[in-house]
Amino acid sequence: MSYIEIMSLEKFTIETVLSVKRWSDHLFSFTMTRPQAFKFTAGQFARIGLCVEGELVVRAYSVVSSPYDETLEFFSIVVPNGAFTSHLNELTVGTDIYLEKVAYGFLTLARYQSPEPHDLWLLATGTGVAPFLSMLQDFEVWKNYQSIYLAYSVRTREELAYVDQIQHIVDVFSEGHQGFKFIPIITRDSSAVLNQRLPTLIETGDLENIAARQLSAETSHVMLCGNPQMVEDTKNALKGKGLTMNRRGVGNIAVENYW
Ligand SMILES: Cc1cc2nc3c(=O)[nH]c(=O)nc-3n(C[C@H](O)[C@H](O)[C@H](O)COP(=O)(O)OP(=O)(O)OC[C@H]3O[C@@H](n4cnc5c(N)ncnc54)[C@H](O)[C@@H]3O)c2cc1C
């Protein structure tokens, strides 16, 4: 192993896979051990790695679990022939996995200074729901926002992972909060209540209708995560309603692109 490889390995701890859950042939979740020193804020991502043919291959993964959990959970796509996920897909309980010692990312609610917290819109495609699941497992979020909307867009019904877990999270963390609404969107299912892409649902007003609230530059915090095309188009649809990008704490929209 070269000097550079040994140096870069020092940035990682080696963790152990504790469980694997398959949602479909191309979606799965797994949990692994969490070193006590690994701190993160809900919404941040970790860099995890696998040794593939003697090389360390590392990718960014949003943490699904709560900052209070003793283990770490991740939700993954399997990209056909993907340099990382085709190997990640083979992990089983007991597999070693590298975890970079620090967490990264600014898709966190602490970034918002103005407007003050009031209504929170968490808009995801596919595995982009991961950071929002972590946020919903943070009591502060429920304390700070009057209304919380989780819109989760997938192509097919079988891709709609975590539905039961979302209900469970709400039961455990909301402490009777009445302002939460889960809004599933299934774009390739004509029988689904909502089956248009998120930008369209914003332009037509359907998202606001189902939420029974208007998006507002004065009160809304809107977070987008997942497919970069969705992020770009949704950002533009929101700007069309007068919302602005959050910069240096001010503004409505915060985004994370997965590729
Ligand atoms: C900040 C951040 C957080 C991320 N969090 C997650 C996460 O929680 N879960 C997760 O599965 N991925 C996440 N990703 C993406 C992840 O880092 C890798 O891109 C993914 O594991 C694919 O790696 P690969 O080497 O197998 O595929 P690559 O060979 O890198 O192929 C990439 C291609 O696969 C597609 N692709 C990549 N990621 C996804 C995805 N998540 N959903 C659908 N298509 C995708 C895109 O078309 C992309 O061009 C995140 C990326 C970033 C930047």
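A polar contact is a pair of N or O atoms within 3.5 Å. That cut-off is needed to read the surroundings of the ligand in this predicted model. One such pair involves isoleucine 77, where a polar backbone atom is 3.0 Å from an oxygen atom of the ligand. A second involves alanine 60, which brings a polar backbone atom to 2.8 Å from an oxygen atom of the ligand. Arginine 59 takes part through its side chain instead, with a polar atom of that side chain lying 2.9 Å from an oxygen atom of the ligand. Taken alone, the ligand exposes 880 Å², and the protein buries 75% of that area.

The ligand sits in the largest pocket. The elements that contribute two or more residues to the shell around the ligand are β4 (55–62), β5 (71–77) and β11 (253–257). Of these contributions, the largest share is that of β4, with 4 residues. In total, 19 residues surround the ligand, and the closest are Ala60, Tyr61, Phe75, Thr85 and Thr127.

Phe75 also leads to another part of the structure, since it is one of the residues touched by serine 29. Serine 29 is found in strand β2, which covers residues 27–33. With a relative accessible area of 3%, serine 29 falls under the 20% limit and therefore counts as buried. Its side chain is joined to that of tryptophan 23 by a polar contact of 2.7 Å. Not counting residues up to four places away in sequence, serine 29 touches Ser19, Val20, Lys21, Trp23, Glu73, Phe74, Phe75 and Tyr162.

Tyr162, in turn, is in contact with leucine 133. Leucine 133 has its place in helix α3, formed by residues 130–136. The relative accessibility of leucine 133 is 1%, so this residue counts as buried. Leaving aside neighbours within four places in sequence, leucine 133 is in contact with Val64, Tyr162, Ile166 and Ile169. Leucine 133 and tyrosine 162 are 29 residues apart along the chain, and their C-alpha atoms are separated by 8.9 Å.

Histidine 87 offers another case of sequence separation set beside spatial distance. This residue lies in helix α2, which spans residues 85–88. Histidine 87 and leucine 122 are 35 residues apart in sequence, and the distance between their C-alpha atoms is 30 Å. Histidine 87 is in contact with Leu50 and Val52 once its neighbours within four places in sequence are left aside. Its relative accessible area is 31%, so histidine 87 is classed as partly exposed.

Lysine 235 lies in helix α8, made up of residues 228–240. Is this lysine buried or exposed? Lysine 235 is buried, because its relative accessible area of 16% is under the 20% cut-off. The side chain of lysine 235 makes a polar contact of 3.3 Å with the side chain of glutamate 232. Apart from neighbours within four places in sequence, lysine 235 is in contact with Leu224, Met230, Met245, Ile253 and Val255.

The remaining features concern the backbone. Most residues other than glycine have a negative phi, and most peptide bonds are trans. Arginine 248 has a positive phi of about 45° although it is not a glycine. This arginine lies in the loop between α8 and β11. Its relative accessibility is 83%, and arginine 248 therefore counts as exposed.

Alanine 212 likewise has a positive phi, here of about 60°, without being a glycine. Its place is in the loop between α7 (206–211) and β10 (220–226). Alanine 212 has a relative accessible area of 69% and is therefore exposed.

The peptide bond from serine 114 to proline 115 is cis, with omega near 0°. Proline 115 belongs to the loop between β6 (96–100) and β7 (119–125).

How values were computed
Residues are numbered from 1 along each chain as its sequence is written. This is a predicted model: local features need pLDDT of at least 70, side-chain atom pairs count only at pLDDT 80 or more; totals for chains, interfaces and linings use all residues. Side-chain values use heavy atoms; hydrogens and water are left out. Buried means under 20% relative accessible area, exposed over 50%, partly exposed in between (1.4 Å probe, protein chains only). Contact means heavy atoms within 4.5 Å. A residue is near a molecule or strand if one of its heavy atoms lies within 4 Å of it. A polar contact is a pair of N or O atoms within 3.5 Å; within protein, one must be able to donate a hydrogen and the other to accept it, and residues adjacent in sequence count only if both atoms are side-chain atoms. Accessible areas come from the Shrake-Rupley method with a 1.4 Å probe; for residues, only the protein chains shown count as cover. On a 1 Å grid over the protein atoms alone, a cavity is a set of points where a 1.4 Å probe fits but cannot get out, and a pocket is an open set with protein on both sides within 12 Å along at least five of seven lines; lining residues have an atom within 4 Å of a point. A molecule sits in a cavity or pocket if more than half of its atoms lie within 2 Å of its grid points.
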